[in-house]
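Please open the structure in the viewer and set the side chains to be displayed as sticks. The stops below are to be selected in turn.

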Amino acid sequence: MDTPFNITSVGFIDLLPDAICIVDETGRFVFVSSAFERIFGYPPHEVIGKPMINLVHPDDRANTLAIADDIMTGNPRINIENRYIRKDGEIAHIMWSARWSPENKVRIAVARDITNRKKAETVRSALYAISEAAHVAEDLQDLFERMHGIISTLLPAENFSIALHDAEQQSLNFAYHVDQHQQSSAVLQQSAEKLYAEIVSTHQPVLVCTNDRLTLPPRLQTVGNQHALCWLAVPLLAKNGTIGALFLRSYNDGSHYTEQDKELLRFVSVQIATAVERTQLYARLQHASQYDPLTDLPNRGLLFDRLRTSLARARRRQEMMAVLFLDLDRFKEVNDTLGHAAGDQLLQEVARRLKQCVRETDTVARIGGDEFVILIESMQQPDYASIVADKIHATLGQPLQLDEHVVHILSSIGIAHYPNDGESEQSLLDHADAAMYEQKQQRKKDTHFGEG
Ligand SMILES: Nc1nc2c(ncn2[C@@H]2O[C@H](COP(=O)(O)OP(=O)(O)OP(=O)(O)O)[C@@H](O)[C@H]2O)c(=O)[nH]1
């Protein structure tokens, strides 16, 4: 339909939210509409005559040039996405459509700023990834590594730490720490503690940059060190208060954090705090189901798991292993004469001494009142288990102070060797138990203990 005026003369182009760009066959801008400056930050006179490709994000240049070549062969393209660097250095995500005009020998493109949509999508996927990580992480360390990866999708996070607050010890402990300048968490502890005190009292994130340090309250002016350009500290707020914080540092060669980064992290940190709490709770429950609460030694269930694993390994590698069954002698007397609390204290001390008698790789478990089992893995020497038993007798034989009383602990120990005395978990335990019982009876006969 004909219009009573020239459509291009009424100036609608500059009202469009999308930018119209025209480049010549060498790829230089010949025209940009007003929206161009709103989207890319450059007024027209700063880009006319300049190559369009200079504005494209370096990682997207090759692909953009290949698409431009294709368009110039006469194939219009619709809704292509790539990234540009704005005049202020920020990344702009652009969706554009373009066609070649053979008569004018120019490429005409319409560019739409989709940065906000892209950011929202990234945040949404980060939130999803955080809640997913809380379900699949095997432990806190695994969760923290995943959190670091997720945060890196949102902003530069090469120097990243997670600190958890220990309410009992009233201390801040770096549970996860990565620093490209290899600065240890101990070096950064002081700055982290100052920032933590700030975020605990305000429940707000803090951004400290060297450039505007003087505008900060005096208590924060000393945060940092010779390298750090910016510190960004974000509280991990849980239902019952602050459980820790995320710390990001940028160095002179790194990027400078902004208020927007602070807001973004504040937003995702709520989800992170929930994930940390959930994983901590799971770890606590798992620990409680596998360890004896009095001595913190593995319980019967965990002992059987470890026995199964080490038996399988011993079978595969054709190695020897051994199980020691230990029962304290006349333990009941300690309870009866000094009280149950003293008996508890004695059991804790026995646990501590038993651990000193074995290697890190071996297991000391408490399977009942005064019954302990020691699992000795991958034995190289056939008499190694007897050597350990002698060591235990000697170590437990050292006098033990329980308040004002000195107690001498004696124990009976039975040994079972794999494969000679049994090939299954239960048969090895039964053999070691029977050997222990025999030793106990013999000692009772020898010392007449337990009489009268
Ligand atoms: N303090 C304390 N005592 C416990 C705990 N669990 C079990 N007991 C006590 O440990 C004792 C174990 O019994 P026994 O092994 O028959 O006692 P014993 O005097 O060592 O007997 P012998 O092995 O024959 O020398 C019982 O008196 C239980 O009440 C505990 O967690 N704390």
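Select cysteine 209 to begin: in this predicted model, its relative accessible area is 2%, so the residue falls under the 20% limit and counts as buried. Keep that selection and add cysteine 230, which has a relative accessibility of 0% and is likewise classed as buried.

What joins cysteine 209 to cysteine 230? Display the sulfur atoms: the two residues form a disulfide, with an S to S distance of 2.2 Å. The structure holds 1 disulfide. Next, colour the strands that carry the pair. Cysteine 209 belongs to strand E8 (residues 206–209) and cysteine 230 to strand E9 (residues 228–238), so the bond ties together parts 21 residues apart in sequence. Which hand does the disulfide have? The torsion about the S-S bond is about 100°, and the disulfide is therefore right-handed.

Two further cysteines may be selected for their burial. Cysteine 21 is buried, at a relative accessible area of 8%. Cysteine 357 is buried as well, and its value is 3%.

Proceed to tryptophan 231 and arginine 249, and show both side chains. The charged end of arginine 249 sits over the ring of tryptophan 231, at 5.4 Å from the ring centre.

The next selection concerns aromatic rings. How many aromatic pairs does a search of the whole structure find? The search returns 7. To view a cluster, select Phe29, Phe36, Phe40 and Tyr84 together; these residues form one aromatic cluster.

The final stop is strand E11, residues 320–329. Is this strand largely enclosed or largely open? Of its 10 residues, 9 are buried, so the rest of the structure largely encloses E11.

Now add the strands that pair with E11. Strand E13 (residues 371–379) is joined to E11 by 7 bridges, and the two run antiparallel. To locate this pairing, select methionine 320, whose bridge partner in E13 is methionine 379. Then select strand E16 (residues 410–418), which is joined to E11 by 9 bridges, also in an antiparallel arrangement. Here a suitable pair to label is aspartate 327 and serine 412, the latter standing opposite the former in E16.

For a closing view, display E11 with E13 and E16, and then return to the disulfide between cysteine 209 and cysteine 230.

Definitions and conventions:
Residues are numbered from 1 along each chain as its sequence is written. This is a predicted model: local features need pLDDT of at least 70, side-chain atom pairs count only at pLDDT 80 or more; totals for chains, interfaces and linings use all residues. Side-chain values use heavy atoms; hydrogens and water are left out. Rings of Phe, Tyr and Trp (its six-membered ring) pair if their centres lie within 6.5 Å; planes under 30 degrees apart count as stacked, over 60 as edge-to-face and the rest as tilted. A charge sits over a ring if NZ of Lys or CZ of Arg is within 6 Å of the ring centre and within 35 degrees of the ring normal. A disulfide is a pair of cysteine sulfur atoms within 2.5 Å. Helices (H or I, at least four residues) and strands (E, at least two) are DSSP runs, numbered from the N terminus. Buried means under 20% relative accessible area, exposed over 50%, partly exposed in between (1.4 Å probe, protein chains only). Two strands pair if DSSP finds at least two bridges between them.
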